[in-house]
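Hi everyone, thanks for making room for me today. I'd like to walk you through one helix pair and its surroundings, so let's bring the structure up.

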Amino acid sequence: MNNLDVVGKREPMLDAWEKATGRARFTDDLTLPGMLYGKILRSPLAHAKILHVDLSGAEKIIGVKGGDQRKRYSEEKVWHCSHGKG
Amino acid sequence: MKRVIKLHINGEEFEVLTEVHKTLLEVLREDLGLTGTKRGCDLGTCGACTVLIEGKPFLSCLTLAVDVQGKKIVTIEGLSQDGEPHSLQKAFVKKGAIQCGFCTPGMILTAKAFLDENPHPSEGEVKKAISGNLCRCTGYVKIVEAILSVAPSPSPLPRGERVWERGKGDSHE
């Protein structure tokens, strides 16, 4: 049985051409009707317990649809995020 | 403040009504839908946004669109000629120099500008030329191989050739 066209050979990745020519669509390349943009507001302090986030100023800006501030941050486990260290 | 600016991109003239503070990267991606040019760091560090302006590589995230009116701009979408991919694009595909593909457009354009100036580079020169383009998959070996395959070195260096692979046929190239 010598009909193996692929096994044992180096084949280009299936999406290599799209990526090499710029046609590939990454998540950041997509635009959808009415699409909103989100941004993560990080604590400026490491290991800080987030008790409250005041979004009233941000919400006054034209185009801002709102923020998602979850109270559970203060009650449950505190998640730590730091830039560039995953 | 918006203004109509004229851009010469991939052999076509574009008139774009856009804010004067926008970078070339933003105009390409947001106003013209040319999303092949990638926004990586947006700080001029990663090279993903590289485009060719008058044949030279520039970081489009640090270039104001209004400043490059009338100049010849080439993005990854414009590198193919009449539907035929550029030899570098073919080499990247063939050599497996593409993983996630995010650095690829900038990497290929940087390599093109470099090879146009130095058609017979050494491996070290290639590495130096692409030092401003970061690949977070860290697939640099294949990228350097792909670029060198398009521009064979004048001296037959044993680069990339491993002694134990000699005489093994072409199953591993």
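Let's look at how α2(B) passes α3(B): the crossing is right-handed. Please keep in mind that this is a predicted model. The two helices, α2 at residues 87-94 and α3 at residues 104-117 of chain B, have axes that come within 10 Å and cross at roughly 130°. That angle falls short of the over-145 range for roughly antiparallel, so α2(B) and α3(B) count as oblique to each other.

Who makes the contact? From α2(B) we have Leu88(B), Gln89(B) and Phe92(B), and they meet Thr104(B), Ile108(B), Ala111(B) and Lys112(B) of α3(B). By class, that contact holds four nonpolar residues, two polar ones and one charged.

Now stay with α2(B) for a moment. Which of its residues are buried? They are Leu88(B), Gln89(B), Ala91(B), Phe92(B) and Val93(B). Their cover includes α3 and α5 (140-150) of chain B, and also α1 (16-21) of chain A. Just past the helix comes Gly96(B), with a positive phi near 70°.

That mention of chain A brings me to the interface. Here, 21 residues of chain B are in contact with 16 residues of chain A. On the chain B side, α2 and α3 each supply at least two residues, and α2(B) gives the most, with four. As for the make-up of that side, you'll find eight nonpolar, nine polar and four charged residues.

So our friend α2(B) packs against α3(B) and also contributes to the side that touches chain A. Thanks, everyone!

Technical notes:
Residues are numbered from 1 along each chain as its sequence is written. Chains are lettered from A and ligands numbered from 1 in the order in which they are written. This is a predicted model: local features need pLDDT of at least 70, side-chain atom pairs count only at pLDDT 80 or more; totals for chains, interfaces and linings use all residues. Axes are lines fitted to C-alpha atoms, for helices over the stretch in contact, and angles run from 0 to 180 degrees between N-to-C directions. Angles under 35 degrees count as roughly parallel, over 145 as roughly antiparallel, 65 to 115 as roughly perpendicular and the rest as oblique. A crossing is left-handed if the near helix is turned anticlockwise from the far one by less than a right angle, and right-handed if clockwise. Two residues are in contact if their C-beta atoms, placed from the backbone, lie within 7 Å. Ala, Val, Leu, Ile, Met, Phe, Trp, Tyr, Cys and Pro count as nonpolar, Asp, Glu, Lys and Arg as charged, and the others, Gly among them, as polar. A residue is buried if 20 or more other C-beta atoms lie within 10 Å of its own, exposed if 12 or fewer, and partly exposed in between; C-beta atoms are placed from the backbone.
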